Amino acid sequence: MKYIPDGLRRLWHRMGSPRWFYETTGSWVPWLAASAALLLGVGTVWGLAYAPPDYLQGDSFRIIYIHVPAAYLAQAGYMLMAVCGVVLLVWRMKLADMVMATVAPVGAAFTFLALATGSIWGKPTWGTYWIWDARITSVLILLFLYLGIMGLRRAIERPEAAGRACAILAIVGVINIPIIKYSVDWWMTLHQPATFSVTSAPAMPPVMWIPLLLNVLGFNLLFAVSVIQGTRTEVLLRERRTRWVTDLCRQERA
Amino acid sequence: MSHAVLDIRDLRCERDDRELFADFDLRLEAAQALQLRGPNGAGKTTLLRCIAGMHPEYEGSIRLLGVPVSGDQLLFVGHRPGISGLLSAADNLRWHLDLAGWRGSGGVVSAALERVGLIGYEEVPCQQLSAGQQRRVALARLALPTAEVPLWLLDEPFTALDDAGLQLVSGLMAQRLAGGGAILFTTHQPAPDLPGLSTRWIGAAS
Amino acid sequence: MSFDSFGEFLAMGGHGFYVWWSYLLTVAVVGFVLIWPLWRRRRFLAEQRGRLRRADALGQQAEVESNAPEA
Amino acid sequence: MRASPGSEASLWVLFRGQLRRDLKLAFGQPSELANPLAFFVVVITLFPLGVSPEPGVLAGMAPGVLWIAALLATLLGLEALFRRDRDDGTLEQMVLRAQPLYLPVVARMLAHWMVTGLPLTLLAPVLGGMLNLAPEARLPLMLGLALGTPVLVLLGGVGAALTVGLRTGGVLLALLVLPLFVPVLILGVSAAELAGSGLDPTGPLLWLAAGTSFAITTVPFAIAAALRIGVETG
């Protein structure tokens, strides 16, 4: 930290303050939510109505406009938890723990969505709702990892200890995710592999992938909105005994 | 400049949403003993655990000989004995020596057990000993050479001991004080007669 | 537009059931993800308000504030 | 006389002392030693009864069945791994005094592996024979278990350390560690299956070896960090 310029260091310390986070991010939410709605509206309408059907999968390929962003967020959410875990363990920044606690259920929800949409997509494509496809299997294991973190946090009573325990688990998990992914991929090549997977559509034309890009961006903003709102609530809960939160509650009452 | 063995400044500590200490200062010099007294729940144990690094939710500075506390500079005897019931007294003490990286002769184990009056019980699994004898095994750690550290933290060292045991423990404590160590301990009993002893009330009486 | 009529749009070339189910599920999950933090916040504020009112009624405002160190 | 902390000799004393203590503790309770092994054998026995006694069917699923049974047997011993030490206060003494904590943790896990993973490995070919496992697959199965069970024990140790102070131990522990066991399971089963169908099993075995060395060097740090949380005032 010695070589970091003063201004940056001050910003870092301020960012670590839950109160600063609460007071700063409140005004961001409407803008983020509006951008998310715009991107998702355009992307989804375009993807559902204007993109041409896939020559092999027909119209069921339109599920990718939600499946891919959800699968992406499922993984990104876990990464984010691990990064927060490192920040918590190294710099003891309480805000990182609050973000981590918020991301877990949101990430798990998107993991579930990725799993469910992938499975629904499988019915018209493979003729069955569940197939042990490499990607779907990895996502299923990712869901278990999320459930483990959420279970651990619920089980430990002291929030301070729960945060650090979850940080350790998230870091161990994030190192394992690529190993799990590659081992599952490799395992598929040994067994009868599915001929094509939900995301392996060959060389999409722009009219198909631009809406996908819009939706990925839109879902990212949506995720940000949810995490920011959730963290703000978490800040209030954890700081409920400080004067600024008490004052805030009084104001809300008035 | 010489540092106090233990120097606590501006300690603020919470437990279960309740503030135990605020602006708490404590200074302990070499060859000094301090008895912490106070009602149940006043935070005596929590204070010892803060110092030992087993209760991280505190603010303020805790320094041992001028530097942050390191586990090999202190000896902690808590409510839990630190003795495995399935192992013999000798095995337990040997493990405590190994933990501290002791490379000298193992003869110190029987010397320590002799000191606490457990001669002949060396190889009996501790769970077959009486409660008082088990307590003595735990306290035999104070008679090991690895106990020669600057600070002892003793949480209720006199419970479950008879008069002879009490004499024994205060003897070990006096010996450590004479050797230049500092001792912080909690007890509900009246303090034993120790050189350099003072008492501090925490909690309700403060 | 890749569909000729609204009926065809709904049918999705025979895959309508799967596509619309997926999107319905997405709406549900997104709804949950957006509403859950707000619901928690509302519950928290209601709880705190209750606590403050109780404290005021008892004239023990001091109790709340003595518990509240400066942030 | 007292070794300066951190000198090589005192590090060795620290490691050896912990290993000796844990082995003494383990061999002091023969029943706890035998239980995971008995569990392993019983589970294996259930498969022919539950699925099919047909030699061909059994041979096909033998590697997977043996590995999953080994996985569950490992899990069985994990819950008690640190619990007794926490209850009698020896864990807090270890966390407080040992410098570095890494060494006694490695010794603890090594001792645990010697009384769980190692006997499972040695028992596996016998049970493999009962399940009609191809003879050429027996050595790769054993090698796979020898390389894979240390990883299982270590990852399991993280879960055990994280849940050491909790009342809701067992089920949560399984949820925490079983997903992490997946790569080991895949690689271990593949090695035996490849060998069983006359192919070269060295690929997955080398990957397992790499994973084991990585786990031995890194995972004990995670266990140590988790144990520090576990001994804090609850």
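pLDDT is the predictor's confidence in each residue, from 0 to 100. That is a handy place to start, since what you have in front of you is a predicted model. Within chain A, helix α4 (residues 64-91) has the highest mean pLDDT of the elements, at 94, and helix α1 (residues 6-15) the lowest, at 77. Chain A as a whole averages a pLDDT of 88, with 93% of its residues at 70 or more.

**Chain A as a whole**

Let us look at how chain A is built. Nine helices and zero strands make up its elements, so a string of the elements, read from the N terminus on, is simply α-α-α-α-α-α-α-α-α. Taken along the principal axes, the C-alpha atoms fill a box of roughly 60 × 40 × 40 Å. Of the 254 residues in chain A, 47% count as buried. Sequence separation adds to the picture: among contacts in chain A between residues at least 6 apart in sequence, 79% join residues at least 24 apart.

**Where chain A touches chain C**

The contact between these two chains draws 41 residues from chain A and 34 residues from chain C. On the side of chain A, four helices each supply at least two residues: α3 (28-50), α5 (94-126), α8 (206-238) and α9 (243-253). Of these, α5(A) gives the most, with 10 residues. By class, this side of chain A has 21 nonpolar, nine polar and 11 charged residues.

**Where chain D touches chain B**

Here 29 residues come from chain D and 30 residues from chain B. Two helices of chain D, α1 (8-28) and α5 (90-97), give two or more residues to the side that touches chain B. The largest share comes from α1(D), with 11 residues. This side of chain D divides into 11 nonpolar, 10 polar and eight charged residues.

**Two helix pairs in chain D**

Chain D also offers two helix packings to inspect, set out here by their geometry.

| Helix pair | Angle | Axis separation |
|---|---|---|
| α2(D) (residues 30-50) and α3(D) (residues 55-78) | about 150° | 9 Å |
| α8(D) (residues 138-162) and α9(D) (residues 170-177) | roughly 140° | within 9 Å |

How do the angles translate into orientation? Angles over 145 degrees count as roughly antiparallel, and α2(D) and α3(D) are therefore roughly antiparallel to each other. The pair α8(D) and α9(D) is oblique, because its angle of roughly 140° falls outside that class and the other named ranges. As for handedness, α2(D) passes α3(D) in a right-handed crossing, and α8(D) passes α9(D) in a right-handed crossing too.

The residues at each packing are worth picking out in your viewer. From α2(D), the contact with α3(D) uses D:Pro36, D:Phe39, D:Phe40, D:Val43, D:Ile44, D:Phe47 and D:Pro48. They meet residues of α3(D) including D:Leu58, D:Val65, D:Leu66, D:Leu72, D:Leu76 and D:Gly77. This contact has 15 nonpolar residues, one polar residue and no charged ones.

In the other pair, D:Leu155, D:Gly156, D:Gly159, D:Ala160 and D:Leu162 of α8(D) meet D:Leu173, D:Leu176 and D:Val177 of α9(D). The classes in this contact are six nonpolar, two polar and no charged residues.

Conventions. Residues numbered from 1 in each chain as written. Chains lettered and ligands numbered in written order. Predicted model: local features only at pLDDT ≥ 70, side-chain atom pairs only at ≥ 80, totals over all residues. Contact = placed C-beta atoms within 7 Å. Nonpolar A, V, L, I, M, F, W, Y, C, P; charged D, E, K, R; others polar. Axes fitted to C-alpha atoms, helices over the stretch in contact; angles between N-to-C directions. Parallel < 35°, antiparallel > 145°, perpendicular 65-115°, else oblique. Left-handed = near helix turned anticlockwise from the far one by under 90°. Buried ≥ 20, exposed ≤ 12 C-beta atoms within 10 Å, placed from the backbone.
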